[in-house]
Amino acid sequence: MIALVAALIVWRSVSSSPSYQSEEFRFSSETADPAELDVTVFVPDGVTADDPAPAVIVAHGFGGSKDSVEADALALVERGFIVLTYSARGFGTSTGEIGLNAPDAEVADAQNLISYLAERDDVELDGPDDPRVGITGGSYGGALALLAAGYDERVDAIVPMITWNRLARVFFPNGEGEREAAAGPAAADGFTPGAFKREWAGTFFGFGKGVDLTSLLGAADSESDDSEPGGGGPLNGGSLEDPECGQFAADICAVYADAATTGTLDDAGLARLDESSPYSVADQIDAPTMLIQGQADSLFPLSEADVTARQITEAGGTVKVMWTAGGHDDGGVAATDAELSRVYDVTADWFDYYLAGNGDDPGTEFEFAQQTGLTTTGRSGRPTARNEVAEQYVDNVATYDGVDLAGPPQEIVRPPGGVPGSLSSLPGLGLGVAFDPPGQAAYFSSAVLSDPVTVVGSPVVTVDVSGMPDGGMLFAKVYDAAPGGLPALPGGQVVPVVVPENNGNVALEVTLPAIAHSFEADHRIMVAFATTDRAYQVEPTQQTVTIALGEDGAIEYPTVATESLTYATSAWTRLLIGIGAAVLIGLAALFVLRARRTKGERIDHDPELDNVPLIADGLRKAYKDGFVAVKDVSFRVERGQVVGLLGPNGAGKTTTLRMLMGLIHPTDGSLRVFGHRVRPGAPVLSRLGCFVEGVGLMPHLSGRENLTLYWAATGRPIEDARFDEVIEIAGLGDRLDRKVRTYSQGMRQRVAIAQSMLGLPDLLVLDEPTNGLDPPQIAEMRQVLQSYAVDGRSVLVSSHQLAEVEQTCSHVVVVNVGEVIASGTVADVVGAGGEIDIDTNDGQAAAAALRDLAGVKVVAAESRRVIVELDGVRAGEVVAALVVAGVEVEQVMPRRHLEDAFLALVGGHE
């Protein structure tokens, strides 16, 4: 059966690679500045002149080439489309200069390629010189899709991704972008440049300016000849005629040089950037458009797609919007492989419907990845996300709500030279770390949230600013402050705010960055105003400014009614699930047969041990490959004890606990719980509660519903669960009735342990219950465990938190390399060969009284203090000897802790 499953997986992998023919050639694009483009056309098998297919042009991002979008192309080839990819002028081996998608350069190239597709006999036509064609691409390629659709009516559908609406606003934002009116073609229509986004502008310009080490090595490896057609762009090791401008056209080079020098943009620069901006033609786009924008994107934020969507919609076009969790700060349009697969699917579905006439109408529902304040242990410790869908784009259906903020007026400083600067994100890296230097940011915070607050769009807050000169800059952002740790900055987003003429004092309504984020219960919403940001150019002069909350003192935020999105399951996945179910049924049948064979066997029961919660005797677990996880483990747990099972990684702790649960069989030795030998399904296991290898709760249910569902699965009467007592012991309170997805890690851990306590079993077994908890949560867990071990109940807990074990447990068992090397009370294990520190009224007299006491060695003596080493003598005997000698004892403290004893026993090895 396993071989069959593996074969099916291989079959799926092979079959998912489409069958196609490819054609590679140089294409001469006759424009005002002619260029030769490196082109590849992918034609699915079966597409012919007699059975033509629609075509899709896949454009690459800035700094890429046709090779960087091959996977995107093949995903569309698999759906039956002819796909054309090419390296834009100035990139790859294409000739020409980079014009940033200028109408007479890159846009004209796309139009010429559309005409080429119309000449192919295997491309479906809508009319003479009019192929059925769509365009998609990310970033640079996404803007090309929009511009081409605005200039060329032959484009039938587009899917632009993580791209810009207006370059001037991208690189000189002033905080108005999120709500800027979508007014017709751009000119110098009152646009005032804001803060210069110097880090991204420099990075963007740098990609086309020169030869980098990677491309140089690539060129050397390929031993390419620069005299070949195309010569190679800067990323392929080609030579540069102009080292100052690289592959950029002279006018673009001049705009950047002036902006980087002056920190602003003149009218000529604005007009040139607007030529390369979809803003200039978005109201002319009538091709159905799906905009996919990333939330982790400090280059092209969500607000850029927002303006484009409104321009097209107001002109009567069809628009669907999708916000992913990825973006330029996360390496691409998608944050995960699953999300990338989703992007491929919705893109192909869009073209299927609007180009091929297949499938269901994709509609205009608004789909987005809802970020949360919870984190995972996956890549970068990223926030978790769930996919949500609303009836329409947020701009049309959002409702506003508010959360009160608090905080006094705060005086903050812009340091000389703007250094050090606040850190929000780094171009293309994100990093997930935000930091404001002390004294350079004002903070206003909500109270601790009792329920989650979901923000979808741009929140608004009003502040009073005094002391900032006209045209000065502040940088506004929204933090998610979880209990403990540094606040997180959703998406790494920050927006510069230009302070207008103010006569020394002004009230500002600030539109904060657009986000899709759920601030979880027990978190706080924080709004910050900083005087600097590393990504932006700021005035170099020192400036002091005062920020105060506006009169209403609240943050107003948009939200939408949504439903969680469930992806369809493919046929092959359903097949594998079916096979998996068959395997499980087969295993269940084997288990039943085995149970029948053992039915009637003598139950191994020792009545003399009925009152002993646990006895492990000579446990050994060896595997077929020769690995021995547990060599020889023996110990007891008595009633009322809290026993700590300690050992370095790989010592055999979890294996021992799994044998105790009946999850695996010991190779040798035995385990008895209240006198009964432990076997899979043994009735005595009902007297045992366990928490082994992590939390397993259903996030869409409340904590109480999880507990109820778990108990129902046992088939035991509800009154036996003793819910009220368990909830009181675990200290869960009213929070138990909130959804698990809103819980902190500590709360999840406590609910999971409460689950193991249901029915108040006589023996509670916990594996690393404090994993992932902060110090206050660990302290709470300690109280839970100590509260449980009363009325004859016992606890066995494995842990690597040695200080906590010392404070929580009455007894310890130390395991190393699969063997018990020490056991007993904590005092016994710590005190063997230990030292004590005694405070007295006369240290010298104390030393004299103890020098002749057997088993005691005086290590040091001071005026009121004596330190002694004990050898088989208890601390109480030492205190008694001092009292008899007339020495007053103030305090006795061990100088050795469990950690010292543990390291001494295991040799400090992990």
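Which residue forms a salt bridge with Arg272? In this predicted model, the partner is Asp251, and the closest N and O atoms of the two sit 2.8 Å apart.

## Arg272 and Asp251

This pair links distant parts of the chain. Arg272 belongs to helix H9, which covers residues 267–275, and Asp251 to helix H8, which covers residues 250–262. The two residues are 21 positions apart.

How much of each partner is accessible? Arg272 has a relative accessibility of 9%, so Arg272 counts as buried. Asp251 comes out at 38%, which makes Asp251 partly exposed.

## The chain as a whole

Stepping back, the chain runs to 910 residues, and 51% of them count as buried. It has 23 helices and 39 strands.

Contacts over long stretches of sequence are worth a look too. Take the contacts between residues at least 6 apart in sequence: 75% of these join residues at least 24 apart.

## More salt bridges

Side chains of opposite charge can pair when their charged atoms come close. The structure holds 27 salt bridges. One of them joins Asp33 to Arg89, with 3.6 Å between the closest N and O atoms. Asp33 lies in the loop between E1 and E2, while Arg89 lies in the loop between E4 and helix H3 (106–119), so this pair ties together parts that are 56 residues apart in sequence. Asp33 is partly exposed at 35% relative accessibility, whereas Arg89 is buried, with a relative accessible area of 0%.

Another salt bridge pairs Asp522 with Arg738, and here the closest N and O atoms are 3.5 Å apart. These residues are 216 apart in the chain. Asp522 is found in the loop between strand E21 (515–519) and strand E22 (524–530), and Arg738 in the loop between helix H16 (723–730) and helix H17 (745–757). With a 22% relative accessibility, Asp522 counts as partly exposed; Arg738, at 16%, counts as buried. The cut-off for buried is under 20%, so the two partners fall on opposite sides of it.

There is also a network of salt bridges, and it links Glu23, Arg120 and Asp122.

## Helix H2 and its buried side

Now for helix H2, which spans residues 70–77. Its buried residues are Ala73, Leu74, Leu76 and Val77. They cover an arc of only 160° around the axis, so they are on the same side of H2.

What do these buried residues pack against? The list has strands E1 (20–29), E2 (35–44), E3 (55–59), E4 (82–87) and E7 (133–138), plus helix H11 (337–356). Strands E1, E2 and E4 came up above as well, since the loops holding Asp33 and Arg89 start or end at them.

## How H2 meets H11

The axes of H2 and H11 come within 10 Å and cross at roughly 50°. That angle makes H2 oblique to H11. From H2, the contact is made by Ala71, Asp72, Ala75 and Leu76. H11 contributes Tyr344, Thr347, Ala348 and Phe351.

Is the crossing left-handed or right-handed? H2 passes H11 in a right-handed crossing. Leu76 turns up twice in this story: it is one of the buried residues of H2, and it is among the residues that make the contact with H11.

Technical notes: Residues numbered from 1 in each chain as written. Predicted model: local features only at pLDDT ≥ 70, side-chain atom pairs only at ≥ 80, totals over all residues. Heavy atoms only, no water. Buried < 20%, exposed > 50% of the residue type's maximum accessible area, 1.4 Å probe, protein only. Helix = DSSP H or I, 4+ residues; strand = E, 2+ residues; numbered from the N terminus. Arc of directions from axis to C-beta. Contact = heavy atoms within 4.5 Å. Salt bridge = Lys/Arg side-chain N within 4 Å of Asp/Glu carboxyl O. Axes fitted to C-alpha atoms, helices over the stretch in contact; angles between N-to-C directions. Parallel < 35°, antiparallel > 145°, perpendicular 65-115°, else oblique. Left-handed = near helix turned anticlockwise from the far one by under 90°.
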